[in-house]
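Thanks for coming, everyone. I would like to walk you through a few places in one protein model, and I will ask you to keep the display in view while I talk.

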Amino acid sequence: MALPFLRAALIAAFASLGANVLFASDDSPESYWVYFGTYTNKKDGSKGIQRSKLDVKTGKLSEPELAAEMGSPSFLAIHPNKQFLYAVGEGNDKEGGPVAAFAIDQKSGKLTKLNEAKSGGAGPCFVSVSPNGKFATVANYGGGSTKIFMLNEDGTLGKSIGFFQHIGSGKDPRRQKDPHAHCSFFTPDGNHVVTVDLGMDRVKVFALSADGAKEAADRDISTPPGSGPRHIAITPDGKYAYVCGELDSTVNVIKLDLAGKSEVIQSLSTLPEPTTGNSTAECILHPSGKFVYVSNRGHNSIAVFTVNEDHKLTAAGHIKGDIKTPRNFNIDPSGRWMLIASQGGHKVGVYEIDPNTGMAKETEAAVKVGEPVCVKFVPAR
C-alpha cells in the first residue's frame, strides 16, 4: 500500500492529466453520473445526451434520462474540473457541425447549455479538453481537419486558435481517398495536439504555445499502410501510445518522442480469427495501466491485451456477451466496471473487470439507450 502522501500525490497527478486514477482513494465517489452520447432519430425516440447514475459498489445503472437535447451528440468530453461537458454534433454544413458547451450540475446530473460554435469542417466526430482545461480540440471526419478552441473560465467555447486542413490519402481507394480525422487528443503535458487521421494512415502533430497552435508536420507519425488509424490512448507519462487500426483490425504500439522521431514498435490483430466486415472503434488504457482494450464491430467483442514492462502488448482474449456494434466503451475511474455501448443493440451493458487478468464478465445491469456511441463519467455529489 502506498504511503498516504504518495497515494494522494499520485491521484492528483493522474487527475491533472485528465486520466482515470490507478486506484480508488478513501474519499472516492460512491457513484458517478454517466453521460451517453447518441445518434438521434425518430425511430428510437432518442433526442440527445442521456444520463444515468452508476453505483460503484454494485455496478447498477439508474434508468437513463435525457440530460440535454442535441442532434446526434456522437462524442463527449469532460472538463478536468468536472464542471463542464462538451459535445460534437455530426453536422455537414459549410462551416462544419456544432460544438456545444454545457454546465454540469453534479448533484442532479442536469446539463445547461452555455454556448455553441462551428467545428470548421464536415462531420465532427471527436472532442477533447486539454489537461489544464484551457483548450478543446475537435476532429472533423468528413472535412479531414482539426480545429482548436480556447475555453473561457466560465466553461464557454472561446475563439479558435487554429484550424488545420489535412492533405493526403492512403492505400485504400474506397476509405482513404481523402483525409478523415477521427480523433484529436492532447498529450498529457498539454504541449501538443495529436490527431489520428484514418484517411492518411497518420497521426498528425500540432504544437501548442502561448501564441496559439501550429502544425509540426516533421513530427507526424506514420501507421502501417491501410491500417486506417482511428482512436488513440496515451500513457500518463506521454512516452507511449496505443492506436487502433479501423480498416485492418489491429492495435499499434507507438513509442512517442514528439521532440524527435516517434515510431510504431508493434502491431497486433484484435481478432482471434479473420472476421469479414470487422472494424475497430475505441481504444482504452485501463486505469491501472496494465491492460489495453479495443472494440471490434463485426466480431462484436472487446479485445483484451496485457501491457508488458516494455509497453508492448500480449493478446489476452476477448470480452463477449450481448454486444452489437460496440462503437464506444469506457471504464469507470475505479477500474472495476466497463460500460459497453452497443450502438446496434440500443443498450449499454455493464461488465465487471477482473483486476488480475483484465477480462470482464457481463452483469445484469444493462440499460436501454437509443444508439449509444459514447460513455463519459463525472463524480456525483
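When I speak of strands, I mean DSSP runs of E that hold at least two residues, numbered from the N terminus. Please also keep in mind that this is a predicted model.

With that in hand, let me begin with Asn 278, which is found in the loop joining strand S20 (263-269) to strand S21 (279-285). Is this asparagine buried or exposed? Asn 278 counts as buried because its relative accessibility is 9%, and the cut-off for that word is under 20%. Its side chain makes a polar contact with the side chain of Asn 296, at 3.2 Å. Leaving aside residues up to four places away in sequence, Asn 278 touches a group of residues that includes Glu 246, Thr 270, Arg 297 and His 299.

A second loop, the one between strand S11 (157-165) and strand S12 (181-186), is the place of Gly 170. Here the relative accessible area is 27%, so Gly 170 is partly exposed. Outside the stretch of up to four places away in sequence, Gly 170 touches Gln 176, Gly 199 and Asp 201, while the C-alpha atoms of Gly 170 and Asp 197, two residues that are 27 apart in sequence, are 9.9 Å apart in space.

Now to the cysteines, since somebody usually asks: how many disulfides does the structure hold? The number is zero. For Cys 183, the closest cysteine sulfur is in Cys 125, and because it is 8.1 Å away, it is too far for a bond. Cys 244 is likewise in no disulfide, with the sulfur of Cys 283, the nearest one, lying 5.3 Å away. Both Cys 183 and Cys 244 are buried, each at 0% relative accessibility.

Let me turn to the backbone. Most residues other than glycine have a negative phi. Lys 82, however, has a positive phi, near 65 degrees, and this lysine lies in the loop between strand S4 (73-78) and strand S5 (84-89). His 346 also has a positive value, near 55 degrees, in the loop between strand S26 (337-342) and strand S27 (347-353). Lys 82 is partly exposed at 29%, and His 346 is partly exposed at 33%.

Finally, the interior: the largest nonpolar core has 50 residues, and those with the most contacts inside it are Tyr 35, Ile 49, Leu 85, Phe 102 and Leu 111. Apart from that core lies another, of 16 residues, among them Val 34, Val 350, Val 367 and Phe 377.

Technical notes
Residues numbered from 1 in each chain as written. Predicted model: local features only at pLDDT ≥ 70, side-chain atom pairs only at ≥ 80, totals over all residues. Heavy atoms only, no water. Core = buried A, V, L, I, M, F, W, Y, C linked by side-chain atoms within 4.5 Å. Buried < 20%, exposed > 50% of the residue type's maximum accessible area, 1.4 Å probe, protein only. Helix = DSSP H or I, 4+ residues; strand = E, 2+ residues; numbered from the N terminus. Polar contact = N/O pair within 3.5 Å; in protein donor to acceptor, adjacent residues only side chain to side chain. Contact = heavy atoms within 4.5 Å. Disulfide = S-S within 2.5 Å.
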